[in-house]
Amino acid sequence: MNKKVLALAGSLLAATALTGTAAQADVKIGLLGGITGPIAAMAPAMLLSAEMAITEVNAQGGIGKGEKLVQVTGDSACNPQNGTDAATKAVNIDGVVGLVGPHCSGAVIAAANSVAIPAGIALITPSGTSPEISNLKDNDSVFRTVPSDDYQGRALARSLKAQGMDSVAVAYLNNDYGSGLANAFKAEFEANGGKITAFAAHEGEKASYRSNLAELAKGGSDTLVIFDYGDGSGLTMLREALENGFFKNYVGADGMKSDAPIKELGANNLGTFITSAPVGEKSDSLEVFAKNFKDVGGDPDAVFVTTSYDATFLMALAIEKAGGDKTKVAKALREITSSTDGEAIKPGEWAKAKELIAAGKPITYKGAAGTYNFDAAGDVPGVYALFKVGANGFEKMADMK
Amino acid sequence: MTVIDFLNFYIVPGIVLGSIYALGAVGITLVFAILRYAHLAHGDLATLGAFLALAMVQLLGMPVMAALPFVILLTAAVAVGIDRVFYDAFRERPKIITVMSSLGIALMIRAIVQVVWGVDTQTYSRGLVRPEDYFGLRLRDREIYTVIAMIALVVGLQMFLSRSKWGKAMRAMSDNPNLALLSGIDNRKVVMLTWVISGGLCAAAGVFLGLNTELKPMMGWSMLLPMFAAAILGGVGRVEGAVLGGLIVGIAEELSVLVLPSEYKAAMAFAILLVMLLVRPTGLLRGKVL
């Protein structure tokens with residue numbers, strides 16, 4: 001009797017396993033973004049460019065034998081808790097084979113440590129910039145298409161020095177993004193002989209930062225560097241600092257290059273506000289991307305859209321290479337990005353890439369934000385520019401070295 | 001640091017913030033005293049009030065202060081509606097069920113705000129408002145409005161509670177619900193009145209928070225803890241205690257920067273809450289409930 005039950009259970013199990021593979025006509029990919037929360041204004045453009053990559057893949061033959069790549073969108077809300085929740089749902093319930101995102105560093109670290117790494121799912125973040133992400137023990141499964149803030153913080157420090165700002169006060173959001181950036185900035189700025197008159201963290205989402213600003217201003221510097229998000233406490237802080245005239249010059253990093261400060265404070269009030277942000281190197285690929293992205297109604301100059309597109313496209317290439325097997329995606333991603341002299345693939349050239357992968361030939365993805373050749377930590381070096389606020393939003397001011 | 005700087009950058013923001021906390025804390029304390037549970041949707045109800053005012057400002061072109069009375073009434077009606085539809089069903093059940101359901105209501109209200117108004121940060125009026133100089137004190141109009149409106153609303157409420165028939169009925173319910181029911185006080189009307197008052201004050205708190213900073217879907221939720229700290233600090237069930245508690249929490253948060261690293265500012269409300277529960281759980285003014 002027991003054996004019969006066991007046999008029945010066994011055959012049922014086998015049957016479900018069979019239907020499981022047979023029904024897998026679609027390959028699911030998780031897009032986790034900070035749809036709500038302090039980067040809410042950036043997320044729509046980033047998701048739009050990721051969706052464009054998915055649409056292109058499906059229009060040009062899909063994955064494997066014409067299976068469709070299907071997106072599972074999740075809201076990581078730019079915080080570790082929601083990031084973990086969204087990743088758990090995508091991996092354990094929807095059964096995605098790879099994750100693109102989350103967007104914010106804290107969410108990336110949490111989602112990687114508690115979901116993606118234990119499950120062996122590859123994760124590429126288009127905008128998680130904290131230096132801490134390089135240090136994750138991830139069995140080579142966590143990558144990013146955006147450079148670590150170690151580069152950005154240092155480049156910003158050198159650029160400000162070059163602009164003649166010798167003493168600054170630094171306020172940073174107390175999370176992985178803010179502290180990573182602030183520490184890199186501080187080390188380089190001081191190494192170059194600059195003076196940091198105040199260096200203080202703050203918590204997000206408070207109603208008033210005037211006492212924080214008064215403390216920061218005590219050092220006597222007329223420049224405030226804010227490492228925060230432009231839709232969150234960074235905006236509140238910038239507003240209160242401008243209204244009370246605590247500082248003359250304001251500097252932000254990529255998180256502050258959001259439309260919210262311009263929309264809410266007015267471009268005329270932001271004449272002394274500059275931000276740094278990663279930019280794509282000028283290339284044919286970037287032009288192709290820019291044209292395609294404009295056609296779907298996107299703004300190719302928006303922050304992180306190129307890296308979002310590239311992250312999604314690379315994930316699709318890796319899934320194709322791995323034959324849709326989620327345990328092999330991370331390894332495949334490393335393989336397809338390991339050669340620098342393979343056949344060049346530009347944005348949108350899915351059909352060509354698919355043929356080459358099927359033929360087993362090496363490819364080199366020349367993406368919208370650059371050519372991808374991840375280092376041992378899954379990072380890429382980056383190119384940055386300084387932006388100022390002009391009549392039509394952010395305008396590029398200078399390249400950063 | 002001069003005295004005037006100390007007032008401008010530490011005390012004035014503390015008082016403005018404290019007034020906003022106070023408006024929310026009065027509602028929390030009333031609900032706690034009369035209905036005997038912690039209402040966790042209070043912060044998000046404030047968010048709803050702030051965004052309703054935004055709708056009036058944008059659609060009808062009203063100034064925020066003119067929209068305020070309408071928003072207070074609207075949010076009061078929403079609060080009564082929520083009570084009728086959800087909390088009323090749990091009236092005879094253990095209170096923890098209502099507390100948990102209020103958490104669900106909080107998530108629902110936030111979701112509605114995000115669906116209707118989007119997730120971007122918004123403001124009532126664009127651009128900057130630089131403060132005006134009053135003998136060295138730098139004050140904005142909106143800060144003066146906030147404090148005056150808080151005082152007016154609370155004094156009005158205090159008069160209502162101590163003078164009017166229904167105010168007395170509410171206090172009777174808070175002191176001894178069974179005795180109040182026996183003496184013929186209409187339970188449903190008192191509950192409704194409680195929601196009208198706390199919903200309205202909640203909306204005012206949200207509007208003033210939005211006026212002084214920005215409107216975000218999470219704005220009310222992040223204000224919930226300081227509001228609870230204020231209510232408990234002042235003594236649960238005491239309106240004047242909630243006001244005092246709100247002001248103390250607001251000023252303490254701003255002053256904490258002087259002695260603590262600024263990342264611990266947000267922990268100030270927690271610290272006050274903990275110390276108060278340990279040392280004097282009845283609150284500064286001897287609350288009636290805890």
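# Chains A and B, questioned

Me: Which residue of β15(A) is the bridge partner of Phe387(A)?

Reply: The partner is Lys396(A). The model is a predicted one.

Me: What makes β14(A) and β15(A) a pair of strands?

Reply: Two strands pair if at least two bridges are found between them. Strand β14 (residues 384–390) of chain A is joined to β15(A) by seven bridges, so the two count as paired. They run antiparallel.

Me: Why is β15(A) called an edge strand?

Reply: β15 (393–400) of chain A pairs on one side only, and so does β7 (195–202) of chain A. The sheet is open and has seven strands, in the order β7-β6-β8-β9-β10-β14-β15 (chain A), with mixed pairing. From one strand to the next the twist averages 25 degrees.

Me: Which helices lie across strands of this sheet?

Reply: Helix α5 (residues 149–162) of chain A lies across β6 (167–173), β9 (249–252), β10 (273–278), β14 and β15 of chain A, and runs at about 140 degrees to β10(A). Helix α8 (residues 233–244) of chain A lies across β6, β7, β8 (223–227) and β9 of chain A, at about 165 degrees to β8(A).

Me: How do you know that β1(A) and β2(A) pair?

Reply: The count needed is at least two bridges. Strand β1 (residues 26–33) of chain A and β2(A) have eight, in the parallel sense, so they pair. One of the partnerships is between Gly30(A) and Val72(A) of β2(A).

Me: In what order do the strands of that sheet come?

Reply: Five strands form an open sheet in the order β2-β1-β3-β4-β5 (chain A), and the pairing is parallel. The edges are β2 (68–75) and β5 of chain A, as each pairs on one side only. Helix α3 (residues 80–93) of chain A lies across β1, β2 and β3 of chain A, running at about 150 degrees to β2(A).

Me: What makes Asn139(A) unusual in phi, and is the residue buried or exposed?

Reply: Most residues other than glycine have a negative phi. Asn139(A) is not a glycine, yet its phi is positive, about 50 degrees. Asn139(A) lies in the loop between β4 (122–125) and β5 (142–144) of chain A. The limit for an exposed residue is 12 or fewer other C-beta atoms within 10 Å; Asn139(A) has 10, so it is exposed.

Me: Why is Glu205(A) called partly exposed?

Reply: Glu205(A) has 17 other C-beta atoms within 10 Å. Exposed ends at 12 and buried starts at 20, so with a count of 17 Glu205(A) is partly exposed. Glu205(A) is found in the loop between β7 and α7 (210–217) of chain A, and has a positive phi of about 65 degrees although it is not a glycine.

Me: How do you know that the bond between Gly101(A) and Pro102(A) is cis?

Reply: Its omega is about -5 degrees. Most peptide bonds are trans. Pro102(A) lies in the loop between β3 (98–100) and α4 (105–119) of chain A.

Me: Now chain B. Why is Gly250(B) called buried?

Reply: Buried means 20 or more other C-beta atoms within 10 Å. Gly250(B) has 27, so it is buried. Gly250(B) has its place in helix α10 of chain B. Beyond its neighbours within four places in sequence, Gly250(B) is in contact with Gly14(B), Ile15(B), Leu17(B), Gly18(B) and Tyr21(B).

Me: What makes α1(B) largely enclosed by the rest of the structure?

Reply: Of its 33 residues 27 are buried, so α1(B) is largely enclosed.

Me: How does the span of α1(B) compare with what is expected, and where does the helix bend?

Reply: From first C-alpha to last, α1(B) reaches 44 Å, close to the 48 Å expected at 1.5 Å a residue. The helix bends by about 35 degrees at Ile11(B), and Pro13(B) follows within four residues. Just after α1(B), Arg36(B) takes a positive phi of about 70 degrees.

Me: How many residues form the contact between the chains, and which element of chain B gives the largest share?

Reply: Chain B gives 32 residues and chain A gives 30. On the side of chain B, α1(B) supplies the largest share, six residues. That side has 15 nonpolar, eight polar and nine charged residues.

Note on methods:
Residues are numbered from 1 along each chain as its sequence is written. Chains are lettered from A and ligands numbered from 1 in the order in which they are written. This is a predicted model: local features need pLDDT of at least 70, side-chain atom pairs count only at pLDDT 80 or more; totals for chains, interfaces and linings use all residues. Two residues are in contact if their C-beta atoms, placed from the backbone, lie within 7 Å. Ala, Val, Leu, Ile, Met, Phe, Trp, Tyr, Cys and Pro count as nonpolar, Asp, Glu, Lys and Arg as charged, and the others, Gly among them, as polar. The expected span of a helix is 1.5 Å times one less than its number of residues. The bend at a residue is the angle between axes fitted to the seven residues ending there and the seven starting there. Axes are lines fitted to C-alpha atoms, for helices over the stretch in contact, and angles run from 0 to 180 degrees between N-to-C directions.
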